[in-house]
Amino acid sequence: MSVSITEVDANGTPIVGLAGLAVYNVAPQDGKVTVHWWVGWDPELHIRLNYIVVN
């Protein structure tokens, strides 16, 4: 499993903004996935996490 993070605008379109974004850890478990992520921006920011599952 892989997870990426991106900032999105008000319409949900991915953009390259000024905020720092990172995915640190991804831990798949039975029936759930735990993701440790970080956004380096103080005001509210719209983001999207994209999950890729390969079996």
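**Exercise 1. How many helices and how many strands does the chain have?**

Solution. The model is a predicted one. Counting the secondary-structure elements gives 0 helices and 5 strands. Read along the sequence, these elements follow the pattern β-β-β-β-β.

**Exercise 2. Give the strand order of the open sheet and identify its edge strands.**

Solution. Begin with the order: the open sheet has 3 strands, arranged β2-β1-β5, and their pairing is antiparallel. Next, look for strands that pair on one side only; these are β2 (14–15) and β5 (47–52), the edge strands. Then take the pairing of β1 with β5: strand β1 (residues 2–8) is joined to β5 by 6 bridges, and the two run antiparallel. Finally, place one residue pair within this pairing: threonine 6 has arginine 48 in β5 as its bridge partner.

**Exercise 3. Describe the surroundings of glutamate 7 and state whether it has a salt bridge.**

Solution. Locate the residue: glutamate 7 lies in strand β1. Classify its exposure: glutamate 7 is buried. Search for a partner of opposite charge: the nearest such side chain is that of arginine 48, 12 Å away. A salt bridge requires a nitrogen-to-oxygen distance within 4 Å, and glutamate 7 has none. Now list the contacts, leaving out residues up to four places away in sequence: glutamate 7 touches Thr13, Pro14, Ile15, Gly17, Leu18, Ala19, Leu21, Leu45, His46 and Ile47.

**Exercise 4. Why can valine 26 be classed as partly exposed, and to which surface patch does it belong?**

Solution. Locate the residue: valine 26 sits in strand β3 (residues 20–29). Apply the cut-offs: buried means under 20% relative accessible area and exposed means over 50%, with partly exposed in between. Valine 26 has a relative accessible area of 31%, so it is partly exposed. For patch membership the area must be over 30%. Val26 is part of a nonpolar surface patch of about 410 Å², made together with Met1, Val33, Tyr51 and Val53.

**Exercise 5. Summarise the chain by its extent, burial, surface and contacts.**

Solution. Start with extent: along the principal axes, the C-alpha atoms fill a box of roughly 35 × 20 × 15 Å. For burial, 15% of the 55 residues count as buried. For surface, the accessible area of the chain is about 4300 Å², and carbon and sulfur atoms account for 52% of it. For contacts, consider those between residues at least 6 apart in sequence: 44% of them join residues at least 24 apart.

How values were computed
Residues numbered from 1 in each chain as written. Predicted model: local features only at pLDDT ≥ 70, side-chain atom pairs only at ≥ 80, totals over all residues. Heavy atoms only, no water. Patch = residues over 30% accessible without salt bridge, like charges linked within 9 Å, V, L, I, M, F, W, Y side chains within 5 Å. Areas by Shrake-Rupley, 256 points an atom, 1.4 Å probe, with all protein chains shown as cover. Helix = DSSP H or I, 4+ residues; strand = E, 2+ residues; numbered from the N terminus. Buried < 20%, exposed > 50% of the residue type's maximum accessible area, 1.4 Å probe, protein only. Pairing = 2+ DSSP bridges. Lys, Arg positive; Asp, Glu negative; His and termini not counted. Contact = heavy atoms within 4.5 Å.
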